[in-house]
Structures are given as structure tokens and as C-alpha cells.
Amino acid sequence: MPASLILVGAGKMGGAMLEGWLADGLPGARVAVIDPSPSPAMLALCAAHGIAVNPADPVEPEALVLAIKPQGLDAAGPALAPLAGPGTLVVSVLAGKTIANLKDRLPRARAVVRAMPNLPASIRRGATGAAASPETGEDQRRTAHALLSGIGLVEWLDGEDLIDAVTAVSGSGPAYIFLMAEALAAAGVAAGLPAEVAARLARQTVAGAGELLGQSPEEPATLRQNVTSPGGTTAAALGVLMAEEGLAPLMREAVAAAKRRAGELAG
Ligand SMILES: NC(=O)C1=CN([C@@H]2O[C@H](COP(=O)(O)OP(=O)(O)OC[C@H]3O[C@@H](n4cnc5c(N)ncnc54)[C@H](OP(=O)(O)O)[C@@H]3O)[C@@H](O)[C@H]2O)C=CC1
Ligand SMILES: O=C(O)[C@@H]1CCC=N1
């Protein structure tokens, strides 16, 4: 873990990573947060862990983690550039922004890791794809790995060209699953259940299925088959979801749209 870390942008994703790192044992005294308007919950978390918020004269940290919106990088660049020296490990989670984009705004930076985590990082069940600039040293790679693996699974990529696809699959992916819980609950209401009962059942079904998938050595297809009694109710439902025009082409289209959008955010 780095001896000093500045988190720039403590919103949804920055906050999730910070929660995960603190749960992983990163001492708050090593951390500072820069954010123009941290939420009351973030301020409370920082206070509880002795984390400095918006320090007056921040100094170049060992690790500088960028979690502002991609659209905010140009405006933030001049304030961030002095914090990213030749020895600083920069970790960016900005969707779409390439290592070259980041180096443009942080001209002295050499070690830049472009990472795409996801929201379950807050409970250390995240999934991250990452790629490092060639100048990133072995020690810095180890530090980046310690940070990212502290909040879940890490897939190191040979180059950053796959990050937009990672963004579309696992970066945005939790939203697809939460939508599934919403849609399942709404379908339960349409099938006659009271709304609150449907919401509780759908939520626990998605959570329980996710937990089982996480703990089981079986492939998702095997677990699906385990639910599917021959000639039963699941087979009837899967006949709709697995039809030619069912979930698979819809998911392909959704992932392609997200990947396209990530490409548009570059620059
Ligand atoms: N949300 C997610 O699940 C994921 C997000 N990401 C990436 O994480 C980044 C943040 O996304 P998300 O957390 O959703 O967005 P949020 O808007 O929740 O968080 C961004 C935070 O950065 C703050 N901020 C804005 N400008 C600055 C600045 N100059 N210096 C410091 N802080 C600043 C914002 O403050 P204010 O609101 O006042 O502008 C806000 O608190 C994005 O680049 C996104 O691509 C990556 C993976 C998953
Ligand atoms: O929606 C977004 O652009 C960000 C990147 C991945 C998840 N949230």
C-alpha cells in the first residue's frame, strides 16, 4: 500500500474505492481527499478515519488517484499537474480518458495506470481492468496492484486498448444487474404481487444468485441449468429470455453502446 495517497474526486466511485481501501486496512492518516463538495457521508467517513479533506497545500503523494468525471479533466488539469511528479503513481479511473490524454494534462507524470473498477469496490467485491504506461516501474505496478486487488478482482491488460470494453462490461455492469432487480420486481407486480413483496423478493433473488455465483466453482450456465427443471417454469421463462431476439442480442447492443460512448469520452 502507498505511504501517501491523494484521492481526487470523492463521489460515487472515488468514495466506493476509499471505503474498500479503508476496509482493506489502508490507514486514513496516509490519505487526503480533494473534492469541492464532499457529501456529508464522505465527510463523516473522513473524520472517522482521520483523513484530511481539501488540505491547503497538498504535496506530491506516492499515489494520486483520479476519480473525477472525464468531462472535468481539462478544468482540473492545472490544479492536479503539480501533484503528479515523475515519481508519482497516477491511477485514473476516468472512463474513456487515455494514458496519453492523462499525460497531456499531467506533463511531469510518467507512471500512469488507467484502471476501470466498479461500484462493489466499496465492499471489496469489485472487478477492475487495468493497464500501465511503459514508464511504470515494478514497485509502482506492485503498489497499483495492492490498491486495486484490495478492492476486488484485478485483470491486468497488455495494453489499454481493451479498457473501453472493460468499461462497458464490468465498469457499467453493476447497473445492468441493478436494472435486472428493478425489472424483475416490476414483472412481479404485473404478475399480481404487492409492490413491496415483489421488491424484497427480487432484491434477495439477485443478491442471493450473485453470492452463489461468487462462491460456487460452477459455471454460470451450470447454475442456470440447476434452476431449470425439465418442462418446468424456468424453462418457460428462459424460452423468452434466450430466444433469438432475447437477452443476448440486447446485452450485446447495450455493451456496444457503452463501449462506443467510452471512445467518445477520450480526448
Ligand atoms: N460510478 C461508477 O460506478 C464508476 C465510475 N467510474 C469513473 O469514476 C469517475 C467518477 O464517476 P462518479 O463517481 O460516478 O462521479 P461523481 O460525480 O459521483 O464523482 C465525481 C466527484 O468529483 C468531484 N470533482 C469535480 N471536479 C473536481 C476537481 N476539480 N477536483 C476534485 N474533485 C472534483 C465531484 O464534485 P461535484 O459533484 O461537486 O462536481 C464529485 O464529487 C468518472 O470518471 C467515471 O468514469 C469508473 C468506474 C465505475
Ligand atoms: O457511467 C459511466 O460513465 C461510468 C463509467 C463506468 C460506470 N460508470
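Biologist: In this predicted model, which helix gives the most to the shell around ligand 1?
Modeller: The shell around ligand 1 holds 25 residues, and the closest are Gly9, Gly11, Met13, Ala76 and Ala95. With three residues in that shell, the helix that gives the most, covering residues 12-23, is α1.

Biologist: How many charged residues does the shell around ligand 1 have?
Modeller: Sorted by class, the surroundings of ligand 1 include 15 nonpolar residues and seven polar ones. The number of charged residues in this shell is three.

Biologist: Which residues are around ligand 2, and how many of them are nonpolar?
Modeller: Around ligand 2 stand Ala95, Thr167, Gly171 and Ser172. By class, this shell has three polar residues and no charged ones, and its count of nonpolar residues is one.

Biologist: Where does Ala67 lie, and is Ala67 buried or exposed?
Modeller: The UniProt annotation "binding site", from an unreviewed entry, covers Ala67 together with Ile68, Lys69 and Pro70. Ala67 lies in the loop between β4 (63-66) and α3 (73-80), and, leaving out residues up to four places away in sequence, its contacts are Leu7, Val8, Gly9, Gly11, Met13, Gly14, Met17 and Val93. Because 24 other C-beta atoms lie within 10 Å of Ala67, where 20 or more are needed, this residue is buried.

Biologist: How many other C-beta atoms lie within 10 Å of Pro70?
Modeller: Pro70 also lies in the loop between β4 and α3. Apart from neighbours within four places in sequence, Pro70 is in contact with Leu94, Ala95, Gly96, Lys97 and Leu265. Pro70 is partly exposed, and the number of other C-beta atoms within 10 Å is 19.

Biologist: What is the order of the strands in the open sheet, and which strands stand at its edges?
Modeller: The open sheet has eight strands with mixed pairing, in the order β3-β2-β1-β4-β5-β6-β7-β8. Each edge strand has a single partner strand, so one side of each is left without a neighbour in the sheet, and these edge strands are β3 (52-53) and β8.

Biologist: Which residue of β6 is the bridge partner of Ser92?
Modeller: Strand β5, which covers residues 89-92, runs parallel to β6, and four bridges join the two. Within that part of the sheet, the β6 bridge partner of Ser92 is Arg114.

Biologist: Do β6 and β7 pair in the parallel or the antiparallel sense?
Modeller: Strands of a sheet pair through backbone hydrogen bonds, and the pairing may be either parallel or antiparallel. Strand β6 covers residues 111-116, and in β7 the bridge partner of Val113 is Ala132. Over their four bridges, β6 and β7 pair in a sense that is antiparallel.

Biologist: Through which helix does the chain cross from β7 to β8?
Modeller: Strand β8, residues 152-156, pairs with β7 in the parallel sense over five bridges, and Ala127 stands opposite Leu153 in β8. The β-α-β crossover that links β7 to β8 is right-handed, and the helix on its path, residues 138-149, is α5.

Biologist: Why is strand β7 largely enclosed by the rest of the structure?
Modeller: In a regular strand the side chains alternate between the two faces of the sheet. On one side of β7, Gly126, Thr128, Ala130 and Ala132 are buried, and on the other side Ala127, Gly129 and Ala131 are buried as well, so that both faces are covered. Strand β7 covers residues 126-132 and is largely enclosed because its buried residues number seven of the seven.

Biologist: How many of the nine residues of helix α6 are buried, and what covers them?
Modeller: Helix α6 covers residues 163-171 and is mostly covered, with seven of its nine residues buried. Those buried residues are Ile163, Asp164, Val166, Thr167, Ala168, Ser170 and Gly171. What covers them includes β6, β7, α7 (173-190) and α11 (247-265).

Biologist: How much of the span of residues 160-265 is helix?
Modeller: For residues 160-265, an unreviewed UniProt entry lists "domain: Pyrroline-5-carboxylate reductase dimerisation". The end C-alpha atoms of this span lie 15 Å apart, its strand content is 0%, and its helix content is 79%.

Biologist: What percentage of the residues in the chain is buried?
Modeller: The chain has eleven helices and eight strands, and its C-alpha atoms fill a box of roughly 65 × 40 × 35 Å along the principal axes. Of the 267 residues in the chain, the buried share is 34%.

Key: Residues are numbered from 1 along each chain as its sequence is written. Chains are lettered from A and ligands numbered from 1 in the order in which they are written. This is a predicted model: local features need pLDDT of at least 70, side-chain atom pairs count only at pLDDT 80 or more; totals for chains, interfaces and linings use all residues. UniProt positions are given in the numbering used here, feature names are shortened, and annotations may be inferred rather than shown by experiment. A residue is near a molecule or strand if its C-beta atom, placed from the backbone, lies within 6 Å of it. Ala, Val, Leu, Ile, Met, Phe, Trp, Tyr, Cys and Pro count as nonpolar, Asp, Glu, Lys and Arg as charged, and the others, Gly among them, as polar. A residue is buried if 20 or more other C-beta atoms lie within 10 Å of its own, exposed if 12 or fewer, and partly exposed in between; C-beta atoms are placed from the backbone. Two strands pair if DSSP finds at least two bridges between them. A crossover is right-handed if, with the strands pointing away from the viewer, the path from the first strand over the helix to the second runs clockwise. Two residues are in contact if their C-beta atoms, placed from the backbone, lie within 7 Å.
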